[in-house]
Amino acid sequence: INLSGATNATIGDSQGVGTIANDDAAPMPSVTINTPSVNPGGQVQFTVSNGPGDPTDWVGLYASTANDFTHQNWMYLNGTRQAPATGLSTANLVFTAPATPGTYNIRFFAKNDYTKLATSANFTVAAQPPSLTAPASVQAGTTIPLTLANGPGNTTDWVGVYVSGAADNNYVNWYYLNGTRTVP
């Protein structure tokens, strides 16, 4: 600022320097979890935003208590392990949830290094209890339609037909989950 031509006054210092600060700082990198709870093996959907846009920026899937060098899975922002030709600063991505229930997060790193840019909020991998549904009644001698969900998936898992109140070892009939008595 230059001052001159004062009327009825004396200018002691005719120049001043001011700085205009940019208070519109760039948004910080972030990772937002879109599925805060998921079953083991389910899809963890998340969004990476405001990254620096280097082709080798990457994200990793971590147990929430793990150090940065112990990821369970990783990918570049193009959703693969092959760096893209052009960097991305924003991406919608998906990891497959770990098989082990627990608390996890996604961490965002720069340039194929462990320079952390952001960490997501924690999400939970929670196993749903197994469930078995059957009709309330069926005709004698007919097939009983069953629906099993969230079972452990072992080859020798089986279901049995019981008289109500019978002991676990006192079944009337049984089958492996393939509908036979032959191990699948």
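How many helices and how many strands are there in the protein? The predicted model contains zero helices and 13 strands. The legends below describe the whole chain and then several close-up views.

**Figure 1. Overall form of the predicted model.** Read along the sequence, the elements follow the pattern β-β-β-β-β-β-β-β-β-β-β-β-β. The radius of gyration is 31 Å, well over the 16 Å that the globule rule gives for 184 residues, so the protein is more spread out than a compact globule. Along the principal axes, the C-alpha trace spans about 115 × 40 × 25 Å. Of the 184 residues, 23% count as buried. The accessible surface comes to about 12100 Å², and carbon and sulfur atoms account for 51% of that area. Among contacts between residues at least 6 apart in sequence, 48% join residues at least 24 apart.

**Figure 2. The open sheet formed by β1, β3 and β6.** The three strands are arranged in the order β1-β3-β6, and their pairing is antiparallel. Strands β1 and β6 (91-96) stand at the edges with a single partner strand each, so one side of each is left without a neighbour in the sheet. From one strand to the next, the twist averages 30 degrees.

**Figure 3. Pairing and faces of strand β1.** Strand β1 comprises residues 30-33 and pairs with strand β3 (residues 43-49) in the antiparallel sense over four bridges. Within this pairing, Ser 30 has Ser 49 of β3 as its bridge partner, and Thr 32 stands opposite Thr 47 in β3. In a regular strand the side chains alternate between the two faces of the sheet. In β1, Val 31 and Ile 33 make up the covered face, whereas Ser 30 and Thr 32 make up the uncovered one.

**Figure 4. The largest nonpolar core, with Leu 93 and its contacts.** This core holds 21 residues, of which Phe 46, Val 48, Val 59, Leu 93, Phe 95, Ile 106 and Phe 123 touch the most other members. At least two residues of the core are supplied by each of β1, β3, β4 (58-63), β6, β7 (102-110) and β9 (123-125). Not counting residues up to four places away in sequence, Leu 93 touches Val 44, Gln 45, Phe 46, Val 48, Val 59, Met 75, Tyr 76, Leu 77, Asn 78 and Gly 79.

**Figure 5. The surroundings of Arg 107 in strand β7.** Is Arg 107 buried or exposed? Arg 107 counts as buried because its relative accessibility is 4%, under the 20% limit for that class. Its C-alpha atom is separated by 6.7 Å from that of Leu 61, and the two residues are 46 residues apart along the chain. When residues up to four places away in sequence are not counted, the contacts of Arg 107 include Trp 58, Val 59, Gly 60, Tyr 62 and Ala 63. Among its other contacts are Asn 67, Asp 68, Lys 116, Ala 118 and Thr 119.

**Figure 6. The surroundings of Thr 115 in strand β8.** Thr 115 lies in β8, which covers residues 115-119. With a relative accessible area of 43%, Thr 115 is partly exposed, a class that falls between the 20% and 50% limits. Leaving aside neighbours within four places in sequence, Thr 115 is in contact with Phe 108, Phe 109 and Ala 110. Thr 115 and Asp 57 are 9.6 Å apart in space, C-alpha to C-alpha, and 58 residues apart in sequence.

Technical notes:
Residues numbered from 1 in each chain as written. Predicted model: local features only at pLDDT ≥ 70, side-chain atom pairs only at ≥ 80, totals over all residues. Heavy atoms only, no water. Buried < 20%, exposed > 50% of the residue type's maximum accessible area, 1.4 Å probe, protein only. Pairing = 2+ DSSP bridges. Axes fitted to C-alpha atoms, helices over the stretch in contact; angles between N-to-C directions. Rg over C-alpha atoms; globule rule 2.2 N^0.38 Å. Contact = heavy atoms within 4.5 Å. Areas by Shrake-Rupley, 256 points an atom, 1.4 Å probe, with all protein chains shown as cover. Core = buried A, V, L, I, M, F, W, Y, C linked by side-chain atoms within 4.5 Å.
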